[in-house]
Amino acid sequence: MRLREGTTYGSAWMFRMLIRLLKRVSTKAVYAFMAICVIPFTMVFSSGARLTFRYFRQRRGYGWWRSLRATYRNHCLFGQTVIDKFAMYAGHKFRIVYQGLELYRELLESPKPFIQLSAHIGCSEILGYSLHLNKACNVLVYGGEKQSLMSYRKASFGDSNIRMIPVGTGASHSEEIVEALDRGEIVSAFADRFMNANKVVLSSLHGSMMKLAKGPFSLATTRGIDVIMVSTMKERDGSYTAFFTPMDYDRSLPKSQQRQQLADAYTAEIERLLDLYPLQWFNYTNVWADE
């Protein structure tokens with residue numbers, strides 16, 4: 001299974017079989033099978049592998065052989081995070097260490113809404129199954145996901161006070177988003193992929209200009225609400241570390257400058273985390289302004 005343009009490939013039957021397997025077999029055994037039998041085939045035919053190879057070569061300055069090894073290890077890690085999500089559906093628990101959780105709790109206790117940003121690094125979805133929020137969190141998800149996978153997500157979220165708002169399928173869900181903010185709730189979104197090439201904001205990552213979705217930043221600055229970035233990175237021992245980082249911006253500036261400040265804070269945090277976890281760049285789309 002892999003992600004491309006927001007979709008998890010695989011049939012409902014495959015999802016059920018994988019979940020049943022993970023109830024009986026250790027995740028490490030599934031990791032090993034994937035690394036040997038799935039990833040090499042995927043790298044040959046996947047456009048994401050070519051984009052990832054270019055990322056390591058052009059953005060991180062790796063040599064050719066190092067970039068190839070990094071691409072393989074990157075795909076193995078990404079596959080592990082996908083397996084981990086299905087392992088959660090199967091009832092597995094993962095140890096998560098939290099950094100900056102106190103600030104996040106302050107936002108949860110406030111009656112005011114806030115925007116929660118994530119990026120396609122690490123595995124942010126894992127965090128959703130471990131946090132039990134006292135404030136409703138509305139997660140913007142790609143509406144083209146298979147209904148079976150959406151159902152597994154809903155069941156796994158359980159009583160964690162998380163609901164999903166599907167976007168990107170043509171129908172407008174702006175009213176749901178606005179109503180959620182009016183109720184003082186959380187709106188959670190990824191800003192490192194965009195649906196409309198005419199609605200982007202540019203910011204620097206690894207010295208190159210990256211295209212980001214303008215919507216989440218505009219939503220925050222229009223209302224002048226707090227923004228926090230939440231990232232969950234996989235550790236070598238199989239556990240995860242969750243980072244809660246505030247995205248500060250000057251609300252007295254013109255809105256365009258506020259958006260740029262937020263975008264720059266967002267990419268700065270992505271770069272900081274990728275310096276710590278260089279193999280966990282899982283954005284398999286072309287987001288670069290010079291390509």
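Let me open with Glu-185, which is buried, with a relative accessible area of 12%. Keep in mind that this is a predicted model. The partner of Glu-185 is Arg-183, and their side chains meet in a salt bridge, at 2.8 Å from N to O. Is Arg-183 buried or partly exposed? Arg-183 is partly exposed, at 47% relative accessible area. So this salt bridge joins a buried glutamate to a partly exposed arginine.

On to the other salt bridges. The structure holds 12 of them. Side chains of opposite charge can pair when their charged atoms come close.

Take Arg-60 and Asp-275. Their side chains meet in a salt bridge, 3.5 Å from N to O. Which parts does the pair tie together? Arg-60 sits in the loop between helix H3 (47-59) and helix H4 (64-89), and Asp-275 belongs to helix H10 (residues 255-276), so the bridge connects parts 215 residues apart in sequence.

Next, Lys-85 and Glu-125. This salt bridge has an N to O distance of 3.6 Å. Lys-85 is in helix H4 and Glu-125 is in helix H6 (residues 124-128), so the pair ties together parts 40 residues apart in sequence. Now look at burial. Lys-85 has 12% relative accessibility and counts as buried. Glu-125 is buried too, with a relative accessible area of 18%. The cut-off for buried is under 20%, so Lys-85 meets it at 12%, and Glu-125 meets it at 18%.

There is also a network. Arg-54, Arg-59, Asp-290 and Glu-291 are linked by salt bridges. Hold on to those names, please.

That brings me to the cavities. How many cavities of 30 Å³ or more does a search of the whole structure find? It finds two. The largest cavity has a volume of about 70 Å³. Its lining includes Arg-54, Arg-59 and Glu-291, and these residues also belong to the salt-bridge network. Leu-51, Thr-52 and Tyr-55 line the largest cavity as well. From further along the chain come Trp-281, Asn-283, Thr-285 and Trp-288. By class, the lining divides into four nonpolar, three polar and three charged residues.

Now helix H2. H2 covers residues 27-45, which is 19 residues. At 1.5 Å a residue, H2 should span 27 Å; the end C-alpha atoms are 25 Å apart, which agrees. Where in H2 is the kink? The kink lies at Val-38, shortly before the proline Pro-40, and comes to about 40°. Which residues of H2 are buried? They are Thr-27, Val-30, Tyr-31, Met-34, Ala-35, Ile-39, Thr-42 and Met-43.

Last stop, strand S8. The strand runs over residues 200-205 and holds Val-201. Val-201 is buried, with a relative accessible area of 9%. Val-201 and Ala-263 are 62 residues apart in sequence, yet their C-alpha atoms are 7.3 Å apart in space.

Then look at His-206. His-206 is in the loop between S8 and strand S9 (208-213). What is notable about the phi of His-206? Phi is near 55°, a positive value in a residue other than glycine. His-206 also counts as buried, at 15% relative accessibility.

To close, back to the salt bridges. Arg-60 with Asp-275 ties together parts 215 residues apart in sequence, and Lys-85 with Glu-125 does so for parts 40 residues apart. That is my tour.

Technical notes:
Residues numbered from 1 in each chain as written. Predicted model: local features only at pLDDT ≥ 70, side-chain atom pairs only at ≥ 80, totals over all residues. Heavy atoms only, no water. 1 Å grid on protein atoms, 1.4 Å probe; cavity = no way out; pocket = protein on both sides within 12 Å on 5 of 7 lines; lining within 4 Å. Points joined across faces, edges and corners; volume = space filled by probe spheres on them. Nonpolar A, V, L, I, M, F, W, Y, C, P; charged D, E, K, R; others polar. Helix = DSSP H or I, 4+ residues; strand = E, 2+ residues; numbered from the N terminus. Expected span 1.5 Å × (residues − 1). Bend = angle between axes of the 7 residues up to and from the residue. Buried < 20%, exposed > 50% of the residue type's maximum accessible area, 1.4 Å probe, protein only. Salt bridge = Lys/Arg side-chain N within 4 Å of Asp/Glu carboxyl O.
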